[in-house]
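The following report describes one molecular structure, moving from the overall fold to the surroundings of a nucleic acid strand.

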Number of protein chains: 2
Amino acid sequence: MEAPHCKFETVLEILVGKWKPVVLFHLFSNGTMRFSELQKAIPDITKKMLTQQLRELEYHDIVHRKIYHQIPPKVEYSITEHGKGMSTVLQAMNDWGMSHLTHLNELYGEERSVESFEGRLDEVIKG
Amino acid sequence: MEAPHCKFETVLEILVGKWKPVVLFHLFSNGTMRFSELQKAIPDITKKMLTQQLRELEYHDIVHRKIYHQIPPKVEYSITEHGKGMSTVLQAMNDWGMSHLTHLNELYGEERSVESFEGRLDEVIKG
DNA sequence: AAACCTAGTATACAAAAAGATACCTATATG
DNA sequence: CATATAGGTATCTTTTTGTATACTAGGTTT
């Protein structure tokens, strides 16, 4: 990952990647999840991608990784306190994003999908 | 560009790409800029990339493209009214991004560059 | 008439991100 | 003693992004 050039690019750095938003969504929703639970929740993600995204989020101290030293292994992921502070930004992005989708629909018609993975990130990050 | 899966991904869709943030920064700062002025402001960008980013921003109705039918050609770019509505989100991202950088510095030391292209997007989008 | 200007497009190529698949660890279970 | 288990890594291929370079249009300047 490169150093950010402007402050809001830091946020982008955290969020970009095909799977980061979904992963965050599930962790914000469920609080604590095991690696395998995340895999089940996001069926199309490969282990490699899931690991990668989680490690990047961990680097940014958005996600905490708790290892249980047992066999078979058990690892739990959760949003850190610092990570929870992101919810305001996510909320702002979500709100404007919604109105932007409406705007796009006005401009181009209803072709765009507005469906989300269960579609309730807004509710989730508020709580 | 794919359809977004969650609302805040719409915002990401607008912002991702190596050059989108810089382009937006300059347009928010300068109000109206010609293609060539943008090129000068962002020396490393190629015409192809600049065109591409601008077209994507135009599609999202963030940037307006005004063509003067003269030769040699003249085309001016500016932020649309709809685009200006994004400034709140950018501001939120910027603010949290700044505090996040501080947090990262506390965690990992001062290795990370906090420099931005002139570093004043926050001032610019407030105005 | 040749060269120059601006705002591009076209084509080929390199680099980065993502995907597919196989493999590893060490214990518990059948 | 073979197999399953959970959470990964390693390696290779494909796809997506971004870069480099050349070319175009058509009026203006030299």
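## Chain A as a whole

In this predicted model, chain A exposes about 6,400 Å², of which carbon and sulfur atoms supply 52%. Of its 127 residues, 50% count as buried.

The secondary structure of chain A consists of seven helices and three strands, and these elements follow one another along the sequence in the pattern α-α-β-α-α-β-β-α-α-α. Among the contacts in chain A with a sequence separation of 6 or more, 52% join residues that are 24 or more positions apart.

## Helix α1 of chain B

Helix α1 of chain B, which spans residues 7-15, is mostly covered, with nine of its nine residues buried. The buried residues of α1(B) include the charged side chains of Lys7(B), Glu9(B) and Glu13(B), and they also include Phe8(B), Val11(B), Leu12(B), Ile14(B) and Leu15(B), together with Thr10(B). Just after this helix, Gly17(B) adopts a positive phi of about 115°.

## The surface near DNA strand D

DNA strand D is surrounded by 19 residues, and the closest of them come from both protein chains: Arg55(A), Arg65(A) and Tyr77(A) from chain A, with Lys18(B) and Lys48(B) from chain B. Of the atoms of DNA strand D that come within 4 Å of the protein, 63% belong to sugar and phosphate.

Four elements each supply at least two residues of this surface, namely α3 (35-41), α4 (47-59) and β3 (74-79) of chain A and α4 (47-59) of chain B. The most is given by α4(A), which provides four residues. Sorted by class, the surface near DNA strand D has eight nonpolar residues, eight charged residues and three polar residues.

## Individual polar contacts with DNA strand D

Which parts of DNA strand D do Ser36(A), Pro73(A) and Lys48(B) approach? For Ser36(A), a polar side-chain atom lies 2.9 Å from a phosphate oxygen of the strand, whereas for Pro73(A) a backbone N or O atom lies 2.8 Å from a sugar or linking oxygen.

Lys48(B), one of the closest residues to DNA strand D, approaches a base: an N or O atom in the side chain of Lys48(B) is 2.4 Å from a base oxygen of the strand.

How values were computed: Residues numbered from 1 in each chain as written. Chains lettered and ligands numbered in written order. Predicted model: local features only at pLDDT ≥ 70, side-chain atom pairs only at ≥ 80, totals over all residues. Heavy atoms only, no water. Buried < 20%, exposed > 50% of the residue type's maximum accessible area, 1.4 Å probe, protein only. Contact = heavy atoms within 4.5 Å. Areas by Shrake-Rupley, 256 points an atom, 1.4 Å probe, with all protein chains shown as cover. Near = heavy atom within 4 Å. Polar contact = N/O pair within 3.5 Å; in protein donor to acceptor, adjacent residues only side chain to side chain.
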